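Colleague: I have a few questions about how the labels on this model were reached. Can we take them one at a time?

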Amino acid sequence: MRAYYKKKNALKKKMVKNAKNKIKEYKKRIEKAKKERKEFKSKYQKYLKSKEWSDIRNDLFHVRGRACERCGSTNRLQVHHITYKNVFKEEPEDLEILCDSCHKKEHGK
Ligand SMILES: [Zn+2]
Ligand SMILES: [Zn+2]
């Protein structure tokens, strides 16, 4: 009988250890994702000030005209990312010219 309890105890210990390891791994993953998000954010902020982005914007305004693509307003135009799949080397179809109010609406503000 003692051997049975010993075995059971060992199994329990192992399970606790496994669970603890899983939590540790999970926390590590969250930390990593946080770090990546932060790095992306700072890279993206820098990119928005770069010549590449300014060229893309100017091309877009040149081709599509300086007006909101949804309402035609010319108030505080911004270039909105429809998708970030090509971020840092956007295709024209990834982008949309929006006025301030349409852009805010798009982002639910
Ligand atoms: Zn608009
Ligand atoms: Zn946007």
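Modeller: The longer-range contacts make a good start. Among contacts between residues at least 6 apart in sequence, 45% join residues at least 24 apart. Keep in mind that this is a predicted model.

Colleague: What confidence does the chain have?

Modeller: The mean pLDDT is 96, and 99% of the residues score at least 70. By element, helix α1 (residues 2–48) has the lowest mean, 95, and strand β2 (residues 95–98) the highest, 98.

Colleague: Which elements are there, and in what order do they run?

Modeller: The chain has three helices and two strands. From the N terminus the order is α-α-β-β-α.

Colleague: How does the radius of gyration of the chain compare with that of a compact globule?

Modeller: For 109 residues the globule rule gives a value near 13 Å, but the chain has 26 Å. The box of C-alpha atoms, along the principal axes, is roughly 85 × 25 × 20 Å. Buried residues are 7% of the 109.

Colleague: How do you know what span to expect for α1?

Modeller: The rule is 1.5 Å times one less than the number of residues. α1 has 47 residues, and the expected span is 69 Å. From first C-alpha to last, α1 reaches 69 Å, close to that expectation.

Colleague: And what makes α2 agree with its expected span?

Modeller: Helix α2 (residues 51–64) has 14 residues, so at 1.5 Å a residue it should span 20 Å. Its end C-alpha atoms are 20 Å apart, which agrees.

Colleague: Why is α2 said to lie largely in the open?

Modeller: Buried needs 20 or more other C-beta atoms within 10 Å. Of the 14 residues of α2, the number that are buried is zero, so the helix lies largely in the open. α1 is hardly covered either: the count of buried residues among its 47 is zero. Just after α2, G65 takes a positive phi of about 90 degrees.

Colleague: Which residues make up the largest nonpolar core?

Modeller: Six residues: C68, L77, I97, L98, C99 and C102. Members must be buried nonpolar residues joined through C-beta atoms within 7 Å. Take C99: leaving aside neighbours within four places in sequence, its contacts include C68 and L77. Its other contacts are C71, S73, N75 and R76.

Colleague: Why is N75 called exposed?

Modeller: The cut-off for exposed is 12 or fewer C-beta neighbours within 10 Å. N75 has 11, so it counts as exposed. N75 is in the loop between α2 and β1 (78–81). Beyond four places in sequence, N75 touches C99 and D100.

Colleague: What is notable about the phi of R76?

Modeller: It is near 45 degrees, a positive value in a residue other than glycine. R76 is also in the loop between α2 and β1. With 11 other C-beta atoms within 10 Å, R76 is exposed.

Colleague: Is F88 buried or exposed, and how do you know?

Modeller: F88 has 12 C-beta neighbours inside 10 Å. The exposed class takes 12 or fewer, so F88 falls in it. F88 is in the loop between β1 and β2. Its phi is positive, about 85 degrees, although F88 is not a glycine.

Colleague: How far apart are N75 and F88?

Modeller: Their C-alpha atoms are separated by 26 Å, with the residues 13 apart along the chain.

How values were computed:
Residues are numbered from 1 along each chain as its sequence is written. Chains are lettered from A and ligands numbered from 1 in the order in which they are written. This is a predicted model: local features need pLDDT of at least 70, side-chain atom pairs count only at pLDDT 80 or more; totals for chains, interfaces and linings use all residues. Helices (H or I, at least four residues) and strands (E, at least two) are DSSP runs, numbered from the N terminus. The radius of gyration is taken over C-alpha atoms; the globule rule is 2.2 Å times the number of residues to the power 0.38. Two residues are in contact if their C-beta atoms, placed from the backbone, lie within 7 Å. pLDDT is the predictor's confidence in each residue, from 0 to 100.
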